[in-house]
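Reader: I have a model open and want to go through a few parts of it. Can you take my questions as they come?

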Amino acid sequence: MTSTIEAPRSPYSRSTKKSGVNWEKWGWIYMRVSGVVLVVLIFGHLFVNLWVGEGVSALNFAFVAGKLTDPFWMVWDILMLWLALIHGGNGMRTLVNDYATSRISRGILKIAILVSVVALIVLGTLVVFTFDPCPAGAPADLVASFCKSL
């Protein structure tokens, strides 16, 4: 007859049920998903801007104006802008959490990151949606071909 000896149990017991959303987990998942999507968006952006057509020599105001009049490229650029800024802001937040020594400095830095990210997202989105491809008084050789020369 063999008997088993059990080790004494620790008084510590982990609570398996937490209330609320696990923001760190969702931030971690966002970083992985947005990273993969950003790779596709960025390489697509580079391919179209640098290799398709005339290549780098075609990059000028008219080229950008032509792209920003197409809803497909507007959505593409907005996705790239939003994902990249939120991805970078979340990465900076992680660095602040890891390396800022005091609670006050952590709070100030995280607020500064949030304000910066929101400001850049708002300004970038405004540029994409309010961009005028045919500015008044612009030289005809610099504007897109679909603009009427005045």
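Reader: What are the helix and strand percentages over residues 29–52?
Author: This is a predicted model. In it, residues 29–52 are 92% helix and 0% strand. The C-alpha atoms at the two ends of that span are 33 Å apart.

Reader: Where does UniProt list "transmembrane region"?
Author: The unreviewed UniProt entry gives residues 29–52, 72–90 and 111–131 under that heading.

Reader: And how far apart are the end C-alpha atoms of 72–90?
Author: They lie 27 Å apart, and residues 72–90 are 100% helix with 0% strand.

Reader: Switching to isoleucine 86. Which helix is it in?
Author: Isoleucine 86 belongs to helix α3, which covers residues 71–99.

Reader: Why does isoleucine 86 count as partly exposed?
Author: Because its relative accessible area is 33%, and partly exposed runs between the 20% and 50% cut-offs.

Reader: What is isoleucine 86 in contact with, neighbours within four places aside?
Author: Tyr30 and Ile121.

Reader: How far is glycine 107 from isoleucine 86 in space?
Author: The C-alpha to C-alpha distance is 18 Å, with their positions 21 residues apart in sequence.

Reader: Back to helices. At what angle do α1 and α3 cross?
Author: Roughly 140°, and the axes come within 9 Å; α1 is residues 23–50. That angle is why α1 counts as oblique to α3, since roughly antiparallel needs over 145 degrees.

Reader: Left-handed or right-handed crossing?
Author: Left-handed.

Reader: How do the residues of that contact divide?
Author: The contact of α1 with α3 has 16 nonpolar, nine polar and three charged residues.

Methods
Residues numbered from 1 in each chain as written. Predicted model: local features only at pLDDT ≥ 70, side-chain atom pairs only at ≥ 80, totals over all residues. Heavy atoms only, no water. UniProt positions renumbered as here; feature names shortened; annotations may be inferred. Helix = DSSP H or I, 4+ residues; strand = E, 2+ residues; numbered from the N terminus. Buried < 20%, exposed > 50% of the residue type's maximum accessible area, 1.4 Å probe, protein only. Contact = heavy atoms within 4.5 Å. Axes fitted to C-alpha atoms, helices over the stretch in contact; angles between N-to-C directions. Parallel < 35°, antiparallel > 145°, perpendicular 65-115°, else oblique. Left-handed = near helix turned anticlockwise from the far one by under 90°. Nonpolar A, V, L, I, M, F, W, Y, C, P; charged D, E, K, R; others polar.
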